[in-house]
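Biologist: I would like to learn how to read strands, burial and contacts in a model. Could we start with a strand and work outwards?

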Amino acid sequence: MAFIEIEKLHKGYCERRRRARTDDGESCFGQEITVLDDINLQFEQGELVTILGPSGCGKSTMLRLIAGFDPDFSGLVKVAGKPVHGPSNESIFVFQHNGLMPWLTVQENVELGIRFQDKLERAEAAALFIGMVELDGFEEHYPHQLSIGMQRRAELARALVVSPELLIMDEPFSGLDFLTHMKIREEVVNMHQFFHQTILLVTHNIDDALIMGDRVVVLGDRPTSVKLDRRLDFDHPRDPKTQAGLQELRDEIFLMLGVSYAV
């Protein structure tokens, strides 16, 4: 049995929010804009799955459904054998924009998910992950005192410290400078190889998807369907611009997304 199962997933939004409650549930009166249509996917436990697709195709919507943030869909979404009906303590969502609590220090933010543990255990766990993301010495800093890249690393530490079964990341490299982007990308890959959590990661960057993923999924234009679901059996580190097999797949995905020339 797969760790994540998605069967006949359909998600639409009612035009101009013209939606009303009826005896049979919530119905849309007027035109429904279909975002996801008949999506069928299965992911194994411990996989790092990268998800690509054009803007507005429903990548982030699919992540929110898997995370349980939106119960309004048809079809089936199961995580660890259980249908998803709402958020779970076993999954952590890292949003595209800064999700740190601005009134808490780095240390306090990282400890937030384990705040009910013993104080000493909490401090030791937070110190371990703060060190892993190379934020030693910044424990007492507040988010506004950190660069965007440091904020993302603090979010990563906060997500990992709770040892989630499922880590969901929505464009975690958005807005980062080139070197910070590469550094955090490397940290995510290294931590995944060490902890073996299941990770779903949405990105617009084809190279990121091929460098990081155990599996890559490409979604098409809205209404979205799965255009590609491919296992990536390549050792790390990877170079999708020159490595045989990856280079051909890179060119294929560029064409699939409507770009004829891969830079």
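Modeller: Take strand β5 in this predicted model. L48, T50 and L52 point one way from β5, V49 and I51 point the other way, and all of them are buried. In a regular strand the side chains alternate between the two faces of the sheet.

Biologist: How many of the residues of β5 are buried?

Modeller: Five of its five residues, 48–52, are buried, and the strand is mostly covered. The cut-off to keep in mind is that buried means under 20% relative accessible area.

Biologist: Which strands does β5 pair with, and in which sense, parallel or antiparallel?

Modeller: Strands of a sheet pair through backbone hydrogen bonds, either parallel or antiparallel. Here β5 runs parallel to β10 (residues 198–202), to which four bridges join it. Four bridges also join β5 to β11 (residues 215–219), again in parallel. For the register, look at single pairs: V49 stands opposite L200 in β10, and L52 has V218 as its bridge partner in β11.

Biologist: Which strands form the antiparallel open sheet, and in what order?

Modeller: Four strands form that sheet, in the order β4-β1-β6-β7. Its edge strands are β4 and β7 (82–83), each of which pairs on one side only.

Biologist: How many bridges join β1 to β4, and how many join β1 to β6?

Modeller: β1 (residues 4–14) and β4 pair over eight bridges in the antiparallel sense. Two of the pairs can be used to trace this: L9 has I39 as its bridge partner in β4, and G12 has T34. Five bridges join β1 to β6 (residues 74–79), also antiparallel. On that side, E5 stands opposite K78 in β6.

Biologist: I39 came up as a partner. Is I39 buried or exposed?

Modeller: I39 lies in β4, which spans residues 32–43. I39 is buried, with a relative accessible area of 0%. Leaving out residues up to four places away in sequence, I39 touches I6, E7, K8, L9, M62, T224, S225 and V226. T224 shows how sequence and space can be read together: the two residues are 185 residues apart in sequence, while their C-alpha atoms are 7.9 Å apart.

Biologist: What does L41 touch?

Modeller: L41 is placed in β4 as well, and L41 is buried, with a relative accessible area of 3%. With residues up to four places away in sequence left out, its contacts are I4, E5, I6, M62, V217, V226 and D229. A separation in sequence has to be checked against the distance in space: L41 and T242 are 201 residues apart in sequence and 29 Å apart, C-alpha to C-alpha.

Biologist: M62 is in that list. Where does M62 sit, and is M62 buried?

Modeller: M62 belongs to helix α1 and is buried. Eight of the nine residues of α1 (residues 59–67) are buried, so the helix is largely enclosed by the rest of the structure. The buried ones are K59, S60, T61, M62, L63, L65, I66 and A67. After the helix comes G68, with a positive phi near 85 degrees.

Biologist: For a second helix, what does N109 touch?

Modeller: N109 is found in α2 (residues 106–111) and is buried, with a relative accessible area of 1%. Apart from residues up to four places away in sequence, N109 touches L100, M101, L104, P143 and R158.

Biologist: Now the whole chain. How many helices and strands does the protein chain have?

Modeller: The protein chain has seven helices and 12 strands. Its radius of gyration is 19 Å, close to the 18 Å that the globule rule gives for 263 residues, so the chain is as compact as a globular protein of that length. Along the principal axes, the C-alpha atoms fill a box of roughly 55 × 55 × 35 Å.

Biologist: What share of the residues counts as buried, and what share of the contacts joins residues 24 or more positions apart?

Modeller: Of the 263 residues, 48% count as buried. Among contacts with a separation of 6 or more, 68% are between residues 24 or more positions apart.

Biologist: What can be said about the surface and the charges?

Modeller: The accessible surface comes to about 13500 Å², and 50% of that belongs to carbon and sulfur atoms. There are 27 positive and 41 negative side chains, and the centres of the two sets lie 5 Å apart.

Terms used:
Residues are numbered from 1 along each chain as its sequence is written. This is a predicted model: local features need pLDDT of at least 70, side-chain atom pairs count only at pLDDT 80 or more; totals for chains, interfaces and linings use all residues. Side-chain values use heavy atoms; hydrogens and water are left out. Buried means under 20% relative accessible area, exposed over 50%, partly exposed in between (1.4 Å probe, protein chains only). Two strands pair if DSSP finds at least two bridges between them. The radius of gyration is taken over C-alpha atoms; the globule rule is 2.2 Å times the number of residues to the power 0.38. Contact means heavy atoms within 4.5 Å. Accessible areas come from the Shrake-Rupley method with a 1.4 Å probe; for residues, only the protein chains shown count as cover. Lys and Arg count as positive and Asp and Glu as negative; His and the chain ends are not counted. The place of a charge is taken as NZ of Lys, CZ of Arg, CG of Asp or CD of Glu.
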